[in-house]
Amino acid sequence: MIKTLRLDLVFIVSLLAAVNAVGQVRHVTTVDPYARAKAAMVEVYEFDYVDVQPQFPGGEHGLINFINETREYPYHAYQRKITGRVLCSFIVGADGRVSNVRVIRGAGDESLNREAIRVISEMPKWKAGRIGNTAVPVRCVLPIAFRL
């Protein structure tokens, strides 16, 4: 009976390890930037599951400076004194390009959401995320704040 319990325990532990390894890959439909007409399935890793996370040129300080220099407050939102934070997700490809920008949670005003997407879409190439020595696409989440 003890031998059966040990085998069951080994089986359960190996099953959990396999589920965890499979769980880190996420399939996302995205448009291939080189072939605009066709959609492709791309394996995308979550930010926390890669060995080396993608990095903006200049690090966090460079990212904050880029956002502050690029972000423009939409005129109508400024006039109506609308503030908020737009939570966006995007994919840093294996080549470092930013793609597949989406709003996860908007600020309540569509002009702020569009501006956040524009800022992220204009980002320069990042240093790609890695698993081992292989560059992989990684999904990142970034808040863009709009304050008066």
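# Group meeting talk: salt bridges, rings and a nonpolar core

Arginine 97 and aspartate 95 form a salt bridge, in which the closest N and O atoms are 3.3 Å apart. I begin with this pair, and I should say at once that what we are looking at is a predicted model. With a relative accessible area of 35%, arginine 97 is partly exposed, and aspartate 95, at 37%, is partly exposed as well.

Let me step back to the chain as a whole before going on with the charged pairs. The chain has 4 helices and 7 strands, and if you read along the sequence they come in the pattern α-β-β-α-α-β-β-α-β-β-β. Of the 148 residues in the chain, 34% are buried. The accessible surface comes to about 9,900 Å², and carbon and sulfur atoms account for 56% of that surface. If we take the contacts between residues at least 6 apart in sequence, 68% of these contacts join residues at least 24 apart.

Now back to the salt bridges, of which the count comes to 4. One of them brings the side chain of arginine 139 to the side chain of glutamate 46, with 3.1 Å from N to O. Here the two partners come from distant parts of the chain, since arginine 139 sits in strand 7 and glutamate 46 in strand 2, 93 residues apart. Is glutamate 46 buried or exposed? Its relative accessibility is 17%, and because buried means under 20%, glutamate 46 counts as buried.

Another bridge joins arginine 118 to glutamate 115, and in this case the closest N and O atoms are 2.6 Å apart. How are these two residues placed in helix 4? They are 3 residues apart there, which means that about one helical turn separates arginine 118 from glutamate 115. Arginine 118 is partly exposed, at 26% relative accessibility, whereas glutamate 115 is buried, with a relative accessible area of 10%. Salt bridges with shared partners also draw in Glu122, so that Glu115, Arg118 and Glu122 belong to one network.

Let me turn from charges to rings. The structure holds 5 aromatic pairs. In one of them, phenylalanine 56 and phenylalanine 66 lie 5.6 Å apart, centre to centre, with 50° between their planes, and the pair is described as tilted. What does this pair tie together? Phenylalanine 56 lies in the loop between strand 2 and helix 2, while phenylalanine 66 lies in helix 2 itself, so the pair ties together parts that are 10 residues apart in sequence. Both phenylalanine 56 and phenylalanine 66 are buried. If we follow the ring pairs further, they link Phe56, Phe66, Phe90 and Trp126 into a cluster.

Two members of that cluster lead us on to the largest nonpolar core, which has 27 residues, and in which Phe90, Ile120, Met123, Trp126 and Leu142 touch the most other members. Which elements give two or more residues to this core? They are helix 2, strand 3, strand 4, helix 4 and strand 7, and strand 7 gives the most, with 5 residues. Phenylalanine 90 shows what such a position looks like: beyond its neighbours within four places in sequence, phenylalanine 90 is in contact with residues including Val98, Val101, Ile120, Trp126, Val138 and Leu142. Arg139, the residue we met as the partner of glutamate 46 in a salt bridge, is also among the contacts of phenylalanine 90.

Next, please find isoleucine 67 in helix 2, which covers residues 59-70. Isoleucine 67 counts as buried, because its relative accessibility is 8%. When neighbours within four places in sequence are left aside, isoleucine 67 is in contact with Val119, Leu142 and Ile144. The C-alpha atom of isoleucine 67 is also separated by 9.2 Å from that of alanine 116, although the two residues are 49 residues apart along the chain.

My last stop is alanine 128, which is found in the loop between helix 4 and strand 5. Alanine 128 is buried too, with a relative accessible area of 14%. Not counting residues up to four places away in sequence, alanine 128 touches Pro54, Gly93, Ala94, Gly96 and Ala135. For one of these, glycine 96, we can also give the separation of the C-alpha atoms from alanine 128, which is 4.7 Å for two residues that are 32 residues apart along the chain.

Terms used. Residues are numbered from 1 along each chain as its sequence is written. This is a predicted model: local features need pLDDT of at least 70, side-chain atom pairs count only at pLDDT 80 or more; totals for chains, interfaces and linings use all residues. Side-chain values use heavy atoms; hydrogens and water are left out. Buried means under 20% relative accessible area, exposed over 50%, partly exposed in between (1.4 Å probe, protein chains only). Contact means heavy atoms within 4.5 Å. Rings of Phe, Tyr and Trp (its six-membered ring) pair if their centres lie within 6.5 Å; planes under 30 degrees apart count as stacked, over 60 as edge-to-face and the rest as tilted. A nonpolar core is a set of buried Ala, Val, Leu, Ile, Met, Phe, Trp, Tyr and Cys residues joined through side-chain atoms within 4.5 Å. Accessible areas come from the Shrake-Rupley method with a 1.4 Å probe; for residues, only the protein chains shown count as cover.
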